[in-house]
Amino acid sequence: MPMERILFVIAGVVVLASLAAGVWWTPYALLLTAFVGLNLILGGVADWCPMMAILRRLGVKRAAEIACER
């Protein structure tokens with residue numbers, strides 16, 4: 001699975017979990033949703049975000065790298 005898809009899945013899970021925690025636990029959990037949103041904006045503008053660096057160290061390849069191998 002390409003890095004971009006993994007990044008979207010991780011972001012979606014964190015957003016849903018923080019929304020649920022904000023509703024049932026504490027409203028301060030909604031700050032995590034804002035943090036993930038800012039990271040997605042950074043990833044879209046700069047083509048880099050902290051999770052991409054972590055996934056790259058784990059050996060996950062980007063979609064363009066996978067396409068070049070074929």
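**Exercise 1. Place Leu 30 and say how open it is.**

Step 1: Leu 30 sits in helix 2, residues 30–46 (helices are DSSP runs of H or I, at least four residues, numbered from the N terminus). Before going on, note that this is a predicted model, where local features need pLDDT of at least 70, side-chain atom pairs count only at pLDDT 80 or more, and totals for chains, interfaces and linings use all residues. Residues are numbered from 1 along each chain as its sequence is written, and side-chain values use heavy atoms, with hydrogens and water left out.

Step 2: Leu 30 has a relative accessible area of 38%, so it's partly exposed (buried is under 20%, exposed over 50%, partly exposed in between, with a 1.4 Å probe and protein chains only).

**Exercise 2. Work out whether Asn 39 is buried or exposed, and find its contacts.**

Step 1: Asn 39 is also a helix 2 residue.

Step 2: Its relative accessible area is 18%, so Asn 39 counts as buried.

Step 3: Skip neighbours within four places in sequence, and Asn 39 touches Cys 49 and Pro 50 (contact means heavy atoms within 4.5 Å).

Step 4: Now look at Ala 11: its C-alpha atom is 9.1 Å from that of Asn 39, though the two are 28 residues apart along the chain.

**Exercise 3. List the largest nonpolar core and its main supplier.**

Step 1: The seven members are Met 3, Ile 6, Leu 7, Cys 49, Met 52, Leu 55 and Val 60 (a core joins buried Ala, Val, Leu, Ile, Met, Phe, Trp, Tyr and Cys through side-chain atoms within 4.5 Å).

Step 2: At least two residues each come from helix 1 (3–24) and helix 3 (50–57). Helix 1 gives the most, three residues.
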